[in-house]
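Colleague: Before I plan around this chain, could you walk me through how it is put together?
Modeller: Gladly; here it is, and we can take your questions in turn.

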Amino acid sequence: MAPFSLVSPNRASSIAGVAVGQGIDRPQGPEPAALQAVQARWMERLLRCAQRVGEDGEIPVAAAVLDQHGRCIGWGCNRRERQQDPLGHAELVALRQASQLLGDWRLNSCTLLVTLEPCPMCAGALVQARIGTLVYGAPDPKRGAVGSCLDLVRHPSAHHHMRVVGGLAGEQAGELLKAWFRQRRQPPGGSQPQA
């Protein structure tokens with residue numbers, strides 16, 4: 001069973017306590033404070049999903065695409081090892097699913113949430129998908145392409161510019177990743193190497 005249920009954009013619903021109106025005269029999404037609460041709840045869910053993925057041997061990263069009402073229209077987790085797919089990054093999986101559900105590759109009114117700052121490949125895909133807002137958890141000082149190492153989303157050559165919010169649940173996301181890498185570097189049997 002999938003950890004997230006996708007919502008057809010044609011169906012009104014309520015996600016994380018934010019009601020979605022059906023009429024065209026209604027606001028096009030939750031108010032800013034409510035939107036932040038929705039994003040925080042989704043990030044909590046993504047961290048739980050990333051934890052499960054990490055237990056399966058993948059780098060613990062998860063992503064979700066929300067429409068302008070805060071409804072999940074695409075989600076993904078890292079699948080590189082499981083599917084032996086170099087493109088199996090959480091962001092790309094979520095973008096593909098959202099685009100297929102909407103029937104459009106342009107995601108201008110959507111928000112992508114991800115537990116780790118996107119790499120160059122994923123940052124480029126976000127620009128190409130014309131994502132409206134990017135919200136990420138932990139910065140990636142070694143490979144991050146949204147300000148840590150590179151800044152592809154704000155580069156002058158980028159034909160699309162998005163709003164970027166970094167650090168949402170960043171400590172928890174960073175600790176999850178650090179713990180995962182510590183465990184992988186630990187020698188068999190659990191003993192620490194002698195200095």
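**Core, sheet and helices**

Modeller: To begin with the interior of this predicted model, the largest nonpolar core holds 50 residues, and those with the most contacts inside it are V65, L95, L112, I131, L134 and M162.

Colleague: Which element gives the largest share of this core?
Modeller: The elements that give two or more residues to the core include the helices α1 (32-55), α3 (90-102), α4 (120-128) and α5 (170-185), and also the strands β3 (62-66), β4 (72-77), β5 (111-116) and β6 (133-138). The largest share, 8 residues, comes from α1.

Colleague: Leaving aside its neighbours within four places in sequence, which residues is M162 in contact with?
Modeller: M162 is among the core residues with the most contacts inside the core. With neighbours within four places in sequence left aside, its contacts are L126, V127, I131, G132, L134 and V153.

Colleague: How many helices and strands does the chain have, and in what order do the elements run from the N terminus?
Modeller: The secondary structure comes to 5 helices and 7 strands. Read from the N terminus on, the order of these elements is β-β-α-β-β-α-α-β-α-β-β-α.

Colleague: Which strands are the edge strands of the open sheet?
Modeller: The sheet is formed by 5 strands with mixed pairing, in the order β4-β3-β5-β6-β7. An edge strand here pairs on one side only, and that description applies to β4 and β7 (163-166).

Colleague: Do β3 and β5 run parallel or antiparallel, and which residue of β5 stands opposite L66?
Modeller: In general, strands of a sheet pair through backbone hydrogen bonds, in either a parallel or an antiparallel way. Here 4 bridges join β3 to β5, and the two strands run antiparallel. Opposite L66 in this part of the model stands T111.

Colleague: What angle does the direction of α1 make with that of β5, and at what angle does α5 run to β6?
Modeller: α1 packs on the sheet, where it touches β3, β4, β5 and β6, and its direction makes about 45° with that of β5. α5 lies across β5 and β6, and its angle to β6 is about 55°.

Colleague: What percentage of the residues count as buried, and what percentage of the accessible surface belongs to carbon and sulfur atoms?
Modeller: Counted over the 195 residues of the chain, the buried part is 44%. The accessible surface comes to about 10,500 Å², and the part of it that belongs to carbon and sulfur atoms is 51%.

Key
Residues numbered from 1 in each chain as written. Predicted model: local features only at pLDDT ≥ 70, side-chain atom pairs only at ≥ 80, totals over all residues. Heavy atoms only, no water. Buried < 20%, exposed > 50% of the residue type's maximum accessible area, 1.4 Å probe, protein only. Areas by Shrake-Rupley, 256 points an atom, 1.4 Å probe, with all protein chains shown as cover. Core = buried A, V, L, I, M, F, W, Y, C linked by side-chain atoms within 4.5 Å. Contact = heavy atoms within 4.5 Å. Pairing = 2+ DSSP bridges. Axes fitted to C-alpha atoms, helices over the stretch in contact; angles between N-to-C directions.
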